[in-house]
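Q: I am new to reading protein structures and would like a close look at one part of this one. Could you go slowly and explain the terms as they come up?

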Amino acid sequence: MTGTEPEQSVPSTSAQSRMAVPDSALLALLGSRDENLRTAEDLLVADVHVRGNELTLTGSSADVAFAERVFAELITLASRGQQLGPDTVRRTVAMLSEERTGRSSARAGESPAEVLSLDILSRRGRTIRPKTLNQKRYVDAIDKHTIVFGIGPAGTGKTYLAMAKAVQALQAKQANRIILTRPAVEAGERLGFLPGTLYEKIDPYLRPLYDALHDMIDPESIPKLMAAGTIEVAPLAYMRGRTLNDAFIILDEAQNTTPEQMKMFLTRLGFGSQIVVTGDTTQIDLPGGSRSGLLVVRDILDGVEDVHFSQLTSTDVVRHRLVSDIVDAYARWDASQPSDDRLVPNRADRRRRR
């Protein structure tokens, strides 16, 4: 509730709290046409009243305390000059809800305000930053470890954030070049039937990496950087036999590597280099009875120093809110099916049985 509603008496079973909002943060907190406030009202159990610069929260002690934490984080973000929107409100509530229910244990520096204000890269007024706690932990792991695996469903930002960290490392001269690679698994037998040169044939499988690059680097400069070898985008087969020094290397769609290909790729690591491997173990497209290298590498490298595995889930999806619901719906459906009919993790096994 907003506006100038009359004061109501608070039942003895309820708690009430008042919070002062700084003038500089008030408009950002409320949002355009109060859309942020309405989103908060929909998500919070406590009643919310606004009069002037004062928020009044009413409800049970626990609900009021939770609402206080939510608004404190939002006020911190607004006071830092950040643009707030309904999505920011939803993600703040979601992060604090996970902590409240014990599904997440936030560490120092992992409050919503810290997570949502961690700038990785800025270009033309657009800033790339993590939007969930798991995304921040993934980004932090890239800063701390030489080899990082980002595993999770579509839309969790695993590749996009890795690309942003690669560009950041290049701009900070922490790496001399960026190497982006992915297996062209779907091409397989069909590759020869596509028109054009080899590069033109594999281009559709590398296009998502080019698209992300265009979001982060001036498009006019990309051809020059690629011609100079500063940025390389190539299929995984082109990595064989190489030693990659002073590079930030990203392997995308790693669920479509075989164990042998995964070993080949990881052993390309040279001095001064860093590797990020991303993939979704629920979308394996390997032909025949091939096993996914991403499914087995965690057991193989478990306990190896300076190797980190970051697990992202449907709660980290940053696309349309329906994507998270779709991911969860497929997971529930798959869990309810007989093993022969499941979509994951062994579609290749199902093909072999046919």
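My request is about one residue, and the answer can then move outward from there. Where is Val 276 placed, is Val 276 buried or exposed, and which residues does Val 276 touch?

A: Happy to help! Before we zoom in, please keep in mind that this is a predicted model, in which local features need pLDDT of at least 70 and side-chain atom pairs count only at pLDDT 80 or more, while totals for chains, interfaces and linings use all residues. Residues are numbered from 1 along each chain as its sequence is written, and side-chain values use heavy atoms, with hydrogens and water left out.

Val 276 belongs to strand β10, which covers residues 274-279. Strands are DSSP runs of E with at least two residues, helices are runs of H or I with at least four, and the numbering starts from the N terminus. Val 276 counts as buried because its relative accessibility is 0%; buried means under 20% relative accessible area, exposed means over 50%, and partly exposed is in between, using a 1.4 Å probe and protein chains only.

What surrounds Val 276? Leaving aside residues up to four places away in sequence, Val 276 touches Tyr 138, Ile 142, Val 148, Ala 162, Phe 248, Ile 249, Ile 250 and Leu 251. Touching, or contact, means heavy atoms within 4.5 Å. Take Ile 249 from that list: 27 residues separate Ile 249 from Val 276 in sequence, yet their C-alpha atoms are 6.3 Å apart in space.

Some of these neighbors lead us to a pair of helices. Helix α6 spans residues 133-144 and helix α7 spans residues 158-171; their axes come within 11 Å and cross at roughly 40°. Axes here are lines fitted to C-alpha atoms, for helices over the stretch in contact, and angles run from 0 to 180 degrees between N-to-C directions. The two helices are therefore oblique to each other: angles under 35 degrees count as roughly parallel, over 145 as roughly antiparallel, 65 to 115 as roughly perpendicular, and the rest as oblique. The crossing of α6 and α7 is right-handed, a term used if the near helix is turned clockwise from the far one by less than a right angle, whereas anticlockwise gives left-handed. On the α6 side we find Gln 135, Tyr 138, Val 139, Ile 142 and Asp 143, which meet Lys 158, Leu 161, Ala 162 and Lys 165 of α7. By class, that contact holds five nonpolar residues, one polar and three charged; Ala, Val, Leu, Ile, Met, Phe, Trp, Tyr, Cys and Pro count as nonpolar, Asp, Glu, Lys and Arg as charged, and the others, Gly among them, as polar. Notice that Tyr 138, Ile 142 and Ala 162 also appear among the residues that Val 276 touches.

Let's follow the chain past α7. Lys 173 is in the loop between α7 and β7, the latter being residues 177-182. Lys 173 counts as exposed because its relative accessibility is 73%. Its phi is near 60°, a positive value in a residue other than glycine. Across space, 9.8 Å separates the C-alpha atoms of Lys 173 and Asp 246, which are 73 residues apart along the chain.

A second residue with a positive phi is worth a look. Asp 34 has a phi of about 60° although it is not a glycine, and Asp 34 is found in the loop between α1 and α2. With 28% relative accessibility, Asp 34 counts as partly exposed.

For another helix pair, turn to α1 (residues 23-30) and α3 (residues 61-79), whose axes come within 8 Å and cross at roughly 115°. That angle makes α1 roughly perpendicular to α3. Their crossing is right-handed. From α1, Ala 25, Ala 28 and Leu 29 make the contact, and from α3 come Phe 71, Leu 74, Ile 75, Ala 78 and Ser 79. This contact has seven nonpolar residues, one polar and no charged ones.

Finally, here is the wider setting. The protein chain has 13 helices and eleven strands, and 47% of its 354 residues are buried. Of the contacts between residues at least 6 apart in sequence, 71% join residues at least 24 apart.
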